[in-house]
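The following paragraphs lead the reader through one protein chain, from a single side chain to the overall fold. Please keep the sequence and the model in view while reading.

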Amino acid sequence: MSKFISIENKVILITGAAGLIGKELCLAFLADGAQVVACDLNPAPLSDLGTGDRAQNVITLALDITVAEQREEAVRQAVEKFGRIDVLINSAAIDAKFDKGGTGKINNSRFENYPEAPLRQSVEVNMTATIQMTQVVCRQMVEQGHGNIINLASTYSLVAPNQGLYDFGGQISYKPIDYVATKSFIPNFTRYLATFYAKEGIRCNAVVPHGIENNHSDEFKERFAQYSPMARMCDRKELIGIFVYLASDASSYMTGSVIPVDGGWTAW
Ligand SMILES: NC(=O)c1ccc[n+]([C@@H]2O[C@H](COP(=O)([O-])OP(=O)(O)OC[C@H]3O[C@@H](n4cnc5c(N)ncnc54)[C@H](O)[C@@H]3O)[C@@H](O)[C@H]2O)c1
């Protein structure tokens with residue numbers, strides 16, 4: 001381990017911990033000696049986190065970030081167990097994944113037809129509840145006099161989706177507006193928190209991942225490669241380094257940064 005970058009004994013609370021990115025981060029943080037509060041709407045996939053040597057360094061919690069009592073309870077349990085929260089990672093989000101094979105969402109996903117219910121749900125989770133979860137943790141961070149927030153943005157926080165990516169041989173699906181709209185809020189939310197708390201010892205930065213490989217079809221991967229400067233999707237392990245760095249004191253002069261880890265997707 002680098003002597004410059006350490007997260008040993010950092011208390012890291014992560015929402016959406018059971019997700020594709022969240023679980024990978026939990027495992028890496030625990031392996032690097034951090035203390036992890038792993039929270040998810042559905043914590044079942046996290047059941048193996050708290051076993052063996054790691055048991056005393058982790059708690060897994062059922063947390064729906066849209067429910068006020070559950071937000072309060074997660075922070076209460078984190079502080080009861082570990083005494084403080086050094087880092088909050090806001091990873092929980094609704095990402096209306098494209099319809100892999102079917103035609104069902106084709107019309108719904110088009111901008112002019114996109115329905116109100118999923119739009120409202122994405123606003124509720126990806127914006128309102130993300131702000132509210134951060135508020136509860138910030139109360140704790142202000143009280144303890146330090147803190148560090150890392151938000152999950154997306155390339156769709158910065159650029160529009162290339163809808164050609166979702167063209168399945170004439171069966172076009174679309175990346176819908178709810179995800180793009182609600183992820184576009186993350187960079188400025190990050191800058192808002194960074195500047196609001198800069199003098200109070202609380203930092204806030206965002207990571208911009210893109211295209212984490214997850215059993216995608218060969219056809220999709222080939223199309224992705226055509227649009228990607230690096231001509232490939234991201235292995236989830238390639239995200240770990242930036243999170244460890246941002247969670248560590250090695251990044252102590254960084255706040256308000258929005259950092260793409262996207263194989264160059266937003267570079268052209
Ligand atoms: N996977 C990618 O390629 C990619 C790319 C860019 C950005 N991101 C962002 O990274 C983050 C994580 O993505 P992922 O791929 O791990 O997503 P995922 O869908 O695999 O995981 C998201 C997790 O959030 C949880 N969740 C949903 N609603 C919740 C709620 N109300 N309360 C608590 N938990 C809730 C889900 O149960 C799930 O485990 C998201 O913010 C996403 O927008 C992902």
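Is Arg-223 buried or exposed? Arg-223 is buried, with a relative accessible area of 11%; buried means under 20% relative accessible area, exposed means over 50%, and partly exposed lies in between (1.4 Å probe, protein chains only). Before this side chain is placed in its surroundings, the basis of the description should be stated. The model is predicted, so that local features need pLDDT of at least 70 and side-chain atom pairs count only at pLDDT 80 or more, whereas totals for chains, interfaces and linings use all residues. Residues are numbered from 1 along each chain as its sequence is written, and side-chain values use heavy atoms, with hydrogens and water left out.

Arg-223 forms a salt bridge with Glu-219, with 3.5 Å between the closest N and O atoms. A salt bridge is here a side-chain nitrogen of Lys or Arg within 4 Å of a carboxyl oxygen of Asp or Glu. Both residues belong to helix H7 (residues 218–227), where they are four residues apart, about one turn of the helix. Helices (H or I, at least four residues) and strands (E, at least two) are DSSP runs, numbered from the N terminus. In contrast to the buried Arg-223, Glu-219 is partly exposed, at 39% relative accessible area.

By the rule given above, the count of salt bridges comes to 13. One of them joins the side chains of Glu-72 and Arg-139 at 3.5 Å, N to O. This pair links distant parts of the chain, since Glu-72 lies in helix H2 (residues 68–82) and Arg-139 in helix H4 (residues 116–144), 67 residues apart. Glu-72 is partly exposed, with a relative accessible area of 43%. Helix H2 also holds a local pair: the side chains of Arg-76 and Glu-73 meet in a salt bridge of 2.9 Å, N to O. Being three residues apart in helix H2, they are separated by about one helical turn. Arg-76 counts as partly exposed at 42% relative accessibility, and Glu-73 is partly exposed as well, at 31%. Glu-73 and Arg-76 are linked with Glu-80 in a network of salt bridges.

The description now turns to the sheet. The chain contains eight helices and nine strands. Seven strands form an open sheet with parallel pairing, in the order E3-E2-E1-E4-E5-E8-E9; two strands pair if DSSP finds at least two bridges between them. Strand E3 (58–62) and strand E9 (258–261) stand at the edges, and because each has a single partner strand, one side of each is left without a neighbour in the sheet. Neighbouring strands of this sheet are turned by 15° against each other on average, direction ignored; the axes behind this angle are lines fitted to C-alpha atoms, for helices over the stretch in contact, and angles run from 0 to 180 degrees between N-to-C directions. At one edge, five bridges join the parallel strands E2 (residues 35–40) and E3, with Val-36 opposite Val-58 in E3.

Further along the order, strand E5 pairs in the parallel sense with E4 over four bridges and with E8 over six bridges. Asn-148 in E5 is the bridge partner of Val-87, while Gly-147 stands opposite Ile-202 in E8. In a regular strand the side chains alternate between the two faces of the sheet. Strand E5 is covered on both faces: Gly-147, Ile-149 and Asn-151 on one side and Asn-148, Ile-150 and Leu-152 on the other are all buried.

Helix H8 (residues 240–247) is also mostly covered, with six of its eight residues buried. These are Ile-240, Ile-242, Phe-243, Val-244, Leu-246 and Ala-247. Their cover includes strands E1 (11–15), E4 (87–90), E5 (147–152), E8 (202–209) and E9, together with helix H1 (20–31).

For the chain as a whole, 48% of the 268 residues count as buried. Contacts (heavy atoms within 4.5 Å) often bridge long stretches of sequence: among those between residues at least 6 apart, 73% join residues at least 24 apart. The radius of gyration is 19 Å, which agrees with the value near 18 Å for a compact globule of 268 residues; this radius is taken over C-alpha atoms, and the globule rule is 2.2 Å times the number of residues to the power 0.38. Along its principal axes, the C-alpha trace spans about 55 × 40 × 40 Å.
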